[in-house]
Amino acid sequence: MSIINQNIPRPEYPRPQMVRQEWLNLNGTWDFEFDPGDSGLERGLLEAPLSDSITVPFVPESEMSGIGDADFHEAVWYRRRVEIPAEWRNQHLILHFGAVDHDTTIWVDDTEVMRHRRGFTSFEVDITDALKNKTDFALTVRARDSRHDWQARGKQSTWYGNSECFYTRSTGIWQTVWIEPVPKVHIRQVNITPHVGMEAFEVVPVVSSNAPGYRIHAILSDENGNEVSSGDARLADDFSPTIMLQLEDEDVHLWEPGHPYLYSLSLIVTDDPLSKNKRNTL
């Protein structure tokens with residue numbers, strides 16, 4: 001079950017890999033306030049209502065955000081209420097940010113759950129413990145983007161006008177925000193290496209924990225969805241088990257500009273390798 005509201009901006013699943021069926025898109029209208037002196041925490045903005053609104057994931061410098069203020073912004077604050085689907089109650093909840101510029105602090109209600117510095121990379125945090133079994137909460141984000149601090153600048157010009165890159169600086173949330181439920185034992189990321197000479201793929205998933213009695217299954221399919229290779233490994237011994245997927249000669253297809261061939265890979269974690277009804281994809 002995917003929870004997608006086509007009326008919010010960028011409703012599509014926000015990443016090309018590690019696709020899960022269940023997720024909640026948090027783009028759309030958030031409460032918002034500029035904090036020109038970066039004094040909001042001292043002034044009580046963590047608890048107080050914010051004075052404006054913004055459309056996420058568009059930055060306040062953008063007209064599409066509903067604000068369109070291209071001046072320098074030392075810090076900005078965001079808040080929205082989030083309701084968790086009842087069927088997710090017994091799972092771990094991972095909060096994702098595609099990108100926020102630049103120094104980001106995240107609160108679940110009044111609990112700080114993460115601080116992240118870098119304006120161009122995605123990040124995530126498990127908010128399960130901070131929720132304390134609640135089904136709705138206030139999500140608050142403070143993003144600092146000083147004109148004066150040392151940081152990777154990219155398009156963050158220290159001059160008022162557009163310069164060098166010729167487009168407007170960006171502050172705050174500028175990529176999709178979303179939540180997804182995962183089981184306690186789940187895949188956090190996966191590294192895939194093609195070995196052309198061996199006609200095989202090396203698949204190394206990174207899992208959340210060692211789990212005696214659990215296995216991970218890998219299924220490789222061709223562009224028509226037909227299975228061409230599979231394998232599995234135990235999760236009891238390594239955080240990053242290795243699975244080698246061997247191909248037959250007729251199933252080997254190299255990617256090239258005239259024929260951009262792509263395989264599909266499904267990863268399944270199960271606590272019973274003989275049972276198909278206890279599996280959790282990714």
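User: Is Ser51 buried or exposed?
Analyst: The relative accessible area of Ser51 is 62%. Buried means under 20% relative accessible area, exposed over 50%, and partly exposed in between, computed with a 1.4 Å probe and protein chains only. Ser51 is therefore exposed.

User: What kind of model is this?
Analyst: Residues are numbered from 1 along each chain as its sequence is written, and side-chain values use heavy atoms, with hydrogens and water left out. Local features need pLDDT of at least 70, side-chain atom pairs count only at pLDDT 80 or more, and totals for chains, interfaces and linings use all residues, since this is a predicted model.

User: Which residues does Ser51 contact, leaving aside its neighbours within four places in sequence?
Analyst: Ser51 lies in the loop between strand E2 (28-34) and strand E3 (52-56); helices (H or I, at least four residues) and strands (E, at least two) are DSSP runs, numbered from the N terminus. Phe34 is 17 residues from Ser51 in sequence and 8.7 Å from it in space, C-alpha to C-alpha. Contact means heavy atoms within 4.5 Å. Beyond its sequence neighbours within four places, Ser51 contacts Phe32 and Glu33.

User: Is Ser221 buried or exposed?
Analyst: Ser221 lies in strand E15 (residues 215-221). Leaving aside neighbours within four places in sequence, Ser221 is in contact with Asn226, Glu227, Val228, Tyr263 and Ser264. With a relative accessible area of 13%, Ser221 is buried.

User: How many helices and strands does the protein chain have?
Analyst: Of the 282 residues in the protein chain, 45% are buried. As for secondary structure, the chain has 1 helix and 19 strands.

User: What share of the accessible surface belongs to carbon and sulfur atoms?
Analyst: Accessible areas come from the Shrake-Rupley method with a 1.4 Å probe, and for residues only the protein chains shown count as cover. The accessible surface of the protein chain comes to about 15100 Å². The share of carbon and sulfur atoms is 48%.

User: Which strands stand at the edges of the 3-strand open sheet?
Analyst: This open sheet has the order E13-E14-E17 with antiparallel pairing; two strands pair if DSSP finds at least two bridges between them. Each edge strand has a single partner strand, so one side of each is left without a neighbour in the sheet; these are strand E13 (187-195) and strand E17 (243-246).

User: Which residue of E17 stands opposite Ala200?
Analyst: Strands of a sheet pair through backbone hydrogen bonds, either parallel or antiparallel. Strand E14 (residues 200-207) and E17 run antiparallel and are joined by 4 bridges. Opposite Ala200, in E17, stands Gln246.

User: Which residue of E12 stands opposite Leu93?
Analyst: An open sheet of 4 strands has the order E1-E12-E5-E9 with antiparallel pairing. Its edge strands, each pairing on one side only, are strand E1 (24-25) and strand E9 (123-126). Strand E5 (residues 92-97) pairs with strand E12 (residues 177-182) over 6 bridges in the antiparallel sense. Opposite Leu93, in E12, stands Pro181.

User: Which residues touch the most other members of the largest nonpolar core?
Analyst: A nonpolar core is a set of buried Ala, Val, Leu, Ile, Met, Phe, Trp, Tyr and Cys residues joined through side-chain atoms within 4.5 Å. In the largest core, which has 30 residues, the most other members are touched by Leu95 and Ile179.

User: Which strand gives the largest share of this core?
Analyst: Ile179 touches, among others more than four places away in sequence, Trp23, Leu95 and Phe137. The largest share of the core is 4 residues, and these come from strand E10 (residues 136-144).

User: What is the omega of the peptide bond from Val56 to Pro57?
Analyst: Pro57 has its place in the loop between E3 and strand E4 (75-83). The peptide bond from Val56 to Pro57 is cis, with omega near 15 degrees.

User: What is the omega of the peptide bond from Asp101 to His102?
Analyst: His102 is placed in the loop between strand E6 (100-101) and strand E7 (103-108). The peptide bond from Asp101 to His102 is cis, with omega near 10 degrees.

User: What is the phi of Asp38?
Analyst: Asp38 lies in the loop between E2 and E3. At 22% relative accessibility, Asp38 counts as partly exposed. Although Asp38 is not a glycine, its phi is positive, at about 50 degrees.
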